Amino acid sequence: LFLPLLFAAPLLGGIPVRLPRPLRVGLFLLLVLLAWSRGAVYRDRESYQTAVIDSVPRDVAAWNDLGLARLDRGDIDGAIEAWNRGLAIDPRYSRLWSNLGAHQMRSGDFPRAAVTLERAVEEGPNNPIAHCNLGHALLRLGHHARAARAYERATQLAPGMSPAWRGLAHALHAQGRRDEAGSALEHALALDPADPLAQRLRETITGEAAPPRRD
């Protein structure tokens, strides 16, 4: 199906050029009008996800994205409702557990967040964000060895995830593994030199302030 469409694209692209100028202008205005009308229907991400759910009520990815859209505008209760609705449809969708656990951390409920995020990594063993969030919760609870393992898995799955390297450095340092912590922190700062949390951790680990930035 895709190959015929690929070869047909240049041919279809040339059709408007062959049309008389009035028809080309009319076609362009029609496309603008259609785009405008769709923009009125989907005025924001939340309205778009709501429309998707109206069409496909059991689309758990849409419930997850609806929760994120509600969270962006400060509707925390609405976000939690959307994630729980998604979990009622498919409790094996890792992102729903991960986002719910992240909210529980923001609320300061770290014990509950750790349980939720354990479920997130159980359902999504290859979800680096879930592993990283689990590391954050365990770190705040003082479970440094378990936090380090969660961060290590996150860095294996997503080597470019700076917060996971920074969290790993913190967890290792808390265990007295200073050299390993310094190496992890170097990775974090190489990925995000301006990260203020990583810079403060650098001062804690090495006793040296970060070098001044050169603009």
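This short talk covers three helix packings and one pocket in a predicted model.

Let's start with how packing is described. Two packed helices get an angle between their axes and a distance between those axes.

First up, helix 4 and helix 5. Helix 4 covers residues 60–72. Helix 5 covers residues 76–89. Their axes come within 7 Å and cross at roughly 170°. Angles over 145 degrees count as roughly antiparallel, so helix 4 is roughly antiparallel to helix 5. Who makes the contact? From helix 4, we have Val60, Trp63, Asn64, Leu66, Gly67, Leu68, Arg70 and Leu71. From helix 5, the list includes Ile76, Ala79, Ala82, Trp83 and Ile89. Glu81 and Arg85 of helix 5 are also in the contact. By class, this contact has ten nonpolar, four polar and three charged residues.

Now stay on helix 4 and turn to helix 6, residues 94–106. What is the angle here? Helix 4 and helix 6 pack at about 25°, with axes 9 Å apart. That angle makes helix 4 roughly parallel to helix 6. The crossing is left-handed. On the helix 4 side, look at Val60, Asn64, Leu68 and Leu71. They meet Arg95, Leu96, Asn99 and Arg106 in helix 6. The split is four nonpolar, two polar and two charged. Val60, Asn64, Leu68 and Leu71 also appear in the helix 5 contact.

Next, helix 8 and helix 10. Helix 8 runs 128–140, and helix 10 runs 162–174. Their axes come within 10 Å and cross at roughly 30°. The two helices are therefore roughly parallel. This crossing is left-handed. Cys132, His136 and Leu139 in helix 8 meet Pro163, Ala164, Gly167, His170 and Ala171 in helix 10. Which classes turn up in that contact? Five nonpolar, three polar and no charged residues.

Last, the largest pocket. It holds about 220 Å³ of space. Which elements give two or more residues to the lining? Helix 8, helix 10 and helix 12, the last at 196–206. The lining includes three histidines to find in your view: His136, His170 and His173. Arg140, Arg166 and Arg200 are there too. So are Leu139, Tyr151, Gly167, Leu197, Leu201 and Thr204. By class, the lining has four nonpolar, five polar and three charged residues.

One link to close on. His136 and Leu139 of helix 8 take part in the contact with helix 10, and both also line the largest pocket. On the helix 10 side, Gly167 and His170 are in that contact and in the pocket lining.

Methods: Residues numbered from 1 in each chain as written. Predicted model: local features only at pLDDT ≥ 70, side-chain atom pairs only at ≥ 80, totals over all residues. Heavy atoms only, no water. Axes fitted to C-alpha atoms, helices over the stretch in contact; angles between N-to-C directions. Helix = DSSP H or I, 4+ residues; strand = E, 2+ residues; numbered from the N terminus. Parallel < 35°, antiparallel > 145°, perpendicular 65-115°, else oblique. Left-handed = near helix turned anticlockwise from the far one by under 90°. Contact = heavy atoms within 4.5 Å. Nonpolar A, V, L, I, M, F, W, Y, C, P; charged D, E, K, R; others polar. 1 Å grid on protein atoms, 1.4 Å probe; cavity = no way out; pocket = protein on both sides within 12 Å on 5 of 7 lines; lining within 4 Å. Points joined across faces, edges and corners; volume = space filled by probe spheres on them.
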